[in-house]
Amino acid sequence: MGSSICSKFRKWRKNLGSKKGKDERENIILNVDEETTKDENPETNKLREIIRQEDDELKVVPYTTLELEELIVDLEKQLQELWCNKPEREKLFLDLGHAYYKLCKFETAKYYYEQYFNLVKRKGSLIHLQRAYCNLGCVYRRLGNFDKAAELLESGLAIAEELQDLRAQGRLYNNLGNVCEMQKDFESAIYYHSKRRKMAEVLKDGDRAAKASASIANAYHCMGNLRKSIAYYERVILWLRRKLAYQEKQKSRLSLLSQISTEDEQWV
């Protein structure tokens, strides 16, 4: 009984210590699939998961160009070996699209995203199809074809609305806002980022609400409306202060726990 409780307590401490890192890795624009593919290289698999879960907004890049190039070599090798395995081929097309996108080789990324799109379109999976539209919209935006990007993102948004997937809707609104920003259509950008902010508030997602507020503030700044720009930046600062206070509270709590010995505990 006593050893069982000690074991559970140690496991709880370990999970608590890793929660922050887990929270920081939670998804976004290019997060298409939560499934994992087992392979012989755990580092490669880990990198694939990071790229899948990455939120493409205001995020520090956690990998190098060399790591991406090594990942691509491994994925292309797997693609040749598993070509007849349709589910694996689908995931490899997607991962190769992600990797080339992060490497800023957007034409090659587009090729693999299109292969993925063709497969999921035939399969008829609406969840995967709306994300495939999102991926293609992002890469066309990077290639400077804004009209095509907007068309693809709107198609993805229609599916997300049909599925009542609020998180996907928020992601697509964000990307549509980004397209408008690159076209210097700041009024439309504010509209889309405001819709995205509303979705984040419904989901009680403070991070995405703050990022949407930052985008709105930037758009107002570009339009010369400094008063509204400041108002939205103040919302961002308020959220960051709350987040910092929470992090400091968690650090204090973990520091206190680290001083408790668990090796010689005795439970009655």
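**Confidence.** I looked up the confidence of this predicted model and found a mean pLDDT of 82 for the protein, with 77% of its residues at 70 or more. I noted that pLDDT stays under 50 over residues 1-14, for which the model has 14 contacts beyond four places in sequence. Over residues 16-39 the pLDDT is also below 50, and that stretch has 73 contacts in the model beyond near neighbours in sequence.

**Annotated repeat.** I checked UniProt, where an unreviewed entry places the feature "repeat: TPR" at residues 130-163. In the model I found this span to be 91% helix and 0% strand, with its end C-alpha atoms 10 Å apart.

**Cores.** I then turned to the largest nonpolar core, which has 48 residues, and listed Leu-96, Tyr-101, Tyr-113, Leu-136 and Val-139 as those with the most contacts inside it. Among the helices that each supply at least two residues of this core are helix 6 (126-142) and helix 7 (146-163). I also recorded a second, separate core of seven residues, including Phe-186, Ala-217, Tyr-220 and Tyr-232.

**Aromatic rings.** I counted nine aromatic pairs. Tyr-191 and Tyr-192 have ring centres 5.2 Å apart and planes at 70°, so I entered them as edge-to-face. Of these two, Tyr-191 is partly exposed at 47% relative accessibility, whereas Tyr-192 is buried at 14%. Tyr-220 and Tyr-232 form a stacked pair, because their planes stand at 20°, with the ring centres 6.0 Å apart. Since Tyr-220 lies in helix 10 (residues 206-223) and Tyr-232 in helix 11 (residues 226-258), the pair ties together parts that are 12 residues apart in sequence. I noted last that Arg-235 lies over the face of Tyr-232, at 4.6 Å from the ring centre.

Note on methods
Residues numbered from 1 in each chain as written. Predicted model: local features only at pLDDT ≥ 70, side-chain atom pairs only at ≥ 80, totals over all residues. Heavy atoms only, no water. UniProt positions renumbered as here; feature names shortened; annotations may be inferred. Helix = DSSP H or I, 4+ residues; strand = E, 2+ residues; numbered from the N terminus. Core = buried A, V, L, I, M, F, W, Y, C linked by side-chain atoms within 4.5 Å. Buried < 20%, exposed > 50% of the residue type's maximum accessible area, 1.4 Å probe, protein only. pLDDT = per-residue confidence, 0-100. Contact = heavy atoms within 4.5 Å. Phe/Tyr/Trp six-rings, centres within 6.5 Å; stacked < 30°, edge-to-face > 60°. Lys NZ or Arg CZ within 6 Å of the ring centre and 35° of its normal.
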